[in-house]
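Please look over the chain shown below with its sheets, helices and nonpolar cores in mind. The briefing that follows takes these topics in turn.

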Amino acid sequence: MDRRSFICTLAGGLLAAPLGAGAQQRGEVYRVGYLGLGARRDALADSLLRALHDLGYVEGQNLVIEFRWAAGNAARLPDLADELARARVDVIMAFSTQGVRAAKRATETIPIIFVAGNPVMNGVVASLAHPGGNATGVALQVIGAVKASQLLKEAVPKVSRIAYLYDPRSTPPEQMKALEDNVDLKLLRVTVRPIPFSDTVDSDGIAKKIGTATDGLILQNSPSLQLAAQQLCTLARQRRLPTIGTRLLFAEDGCLIAYGEDEFDCTRQMASIVHKILMGAKPADVPVEQQTKVKLKINLKTAKALGLTIPQSLLLRADQVIE
């Protein structure tokens, strides 16, 4: 083989090597903690593991995942985070503001990688560019009630009295207070009534809080509402309430409209940050990444069940339509 052929062969081999070759070449077994509010391994967890696999981390070979599930009970998160800290995992992955707070209370030394909204405002990091401490991750955009109301009004113009289910543990009171005199809502000619939501679904209790005068519903993207979304969407259909969720996956749960980030993209970002940390980077020095693309999903099955026709102008803007 001549020198030129050797160099080309070597270069081709380097380009073909997986991004995470360093993870495999080290010969180490990494133990990663997964702190989830759900009850079992789901599509997002599988997506994250695929992203880690693409970076050279193979479960059962050089990767052990220590799953801890709160089964819908956020009060369990501190104890589960303590378990992971005692297990001395290499990294803790947290998928909510409550989860990352619990992890930060459990350890000041184990790196924590999160996907959460408003990490600066919620005191999770000092800043996006310079997180400080032992936590970094992916910051979700927070889709507020005003934007959700605009989309719901565009889909169903007759909507004027909207109930907004939100989690008070991850939402500042002043944010709800600001809805009372919001100029954009006045221009839309809608009123938004915030209703705090707990971890459990009491259909009768929620129906009573929503009341009979409500003609639209917004579901905030929060861990408690993620777990209850399917039941709440069923209740909304029974009450013939058009509903928008500020999480893209809420459309699969039965929301008429869903608007939010692609969380599967978030898992790829999260895996990349985990890789950086396992290769020696310090969380304090790894900037928090942000999701910049928000997608729109419309559920025409729900529209049909509610007897609604979605305007063509909105359908054309949708990134996905469920038929």
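In this predicted model, Leu-179 touches Ala-145, Val-146, Tyr-164, Leu-185, Val-192 and Pro-194, when residues up to four places away in sequence are left out of the count. Leu-179 is also one of the residues with the most contacts inside the largest nonpolar core, a set of 32 residues in which Tyr-164, Ile-257, Leu-296 and Leu-314 share that standing.

**Nonpolar cores**

- Two or more residues of the largest core come from each of α6 (145-155), β6, α8 (183-188), β10, β12 and α13 (300-306), and the largest share, six residues, is supplied by α6.
- A second core, separate from this one, has 27 residues, and among them are Cys-266, Ile-273, Val-274 and Ile-277.

**The seven-stranded sheet**

- Seven strands make up an open sheet with mixed pairing, and their order across the sheet is β7-β6-β8-β9-β10-β12-β13.
- At the edges of this sheet lie β7 (191-196) and β13 (320-322), each of which pairs on one side only, while the twist from one strand to the next averages 20 degrees.
- Strand β10 (residues 257-261) runs parallel to β9 (residues 243-245), to which two bridges join it, and within this pairing Ile-244 stands opposite Ile-257.
- With β12 (residues 294-299), by contrast, β10 pairs in the antiparallel sense over five bridges, and here Ile-257 stands opposite Ile-298.
- Five of the five residues of β10 are buried, so this strand is largely enclosed by the rest of the structure.
- Helix α10 (residues 223-238) lies across β6 (161-166), β8 (216-219) and β9, and its direction is at about 165 degrees to that of β8.

**Helix α12**

- Helix α12 (residues 263-278) has 16 residues, and the distance from its first C-alpha to its last is 22 Å, close to the 22 Å expected at 1.5 Å a residue.
- At the start of α12, a side-chain oxygen of Asp-262 comes to within 2.9 Å of the backbone nitrogen of Phe-264, and after the helix comes Gly-280, which has a positive phi near 120 degrees.
- The buried residues of α12 include the polar-atom-bearing side chains of Glu-263, Thr-267, Gln-269 and His-275, together with Met-270, Ala-271 and Leu-278.
- Cys-266, Ile-273, Val-274 and Ile-277 are likewise buried residues of α12, and these four belong to the second core.

**The six-stranded sheet**

- Another open sheet is formed by six strands in the order β2-β1-β3-β4-β5-β11, and the pairing in this sheet is parallel.
- Its edge strands are β2 (63-69) and β11 (289-290), each of them paired on one side only.
- Strands β3 (residues 91-94) and β4 (residues 112-117) run parallel and are joined by three bridges, with Phe-114 of β4 as the bridge partner of Ala-94.
- Helix α3 (residues 43-54) lies across β1 (30-36), β2 and β3, and runs at about 160 degrees to β2.
- Helix α4 (residues 77-86) also packs on this sheet, where it touches β1, β2 and β3, and its direction makes about 180 degrees with that of β1.

How values were computed: Residues numbered from 1 in each chain as written. Predicted model: local features only at pLDDT ≥ 70, side-chain atom pairs only at ≥ 80, totals over all residues. Heavy atoms only, no water. Pairing = 2+ DSSP bridges. Helix = DSSP H or I, 4+ residues; strand = E, 2+ residues; numbered from the N terminus. Contact = heavy atoms within 4.5 Å. Axes fitted to C-alpha atoms, helices over the stretch in contact; angles between N-to-C directions. Buried < 20%, exposed > 50% of the residue type's maximum accessible area, 1.4 Å probe, protein only. Expected span 1.5 Å × (residues − 1). Polar contact = N/O pair within 3.5 Å; in protein donor to acceptor, adjacent residues only side chain to side chain. Core = buried A, V, L, I, M, F, W, Y, C linked by side-chain atoms within 4.5 Å.
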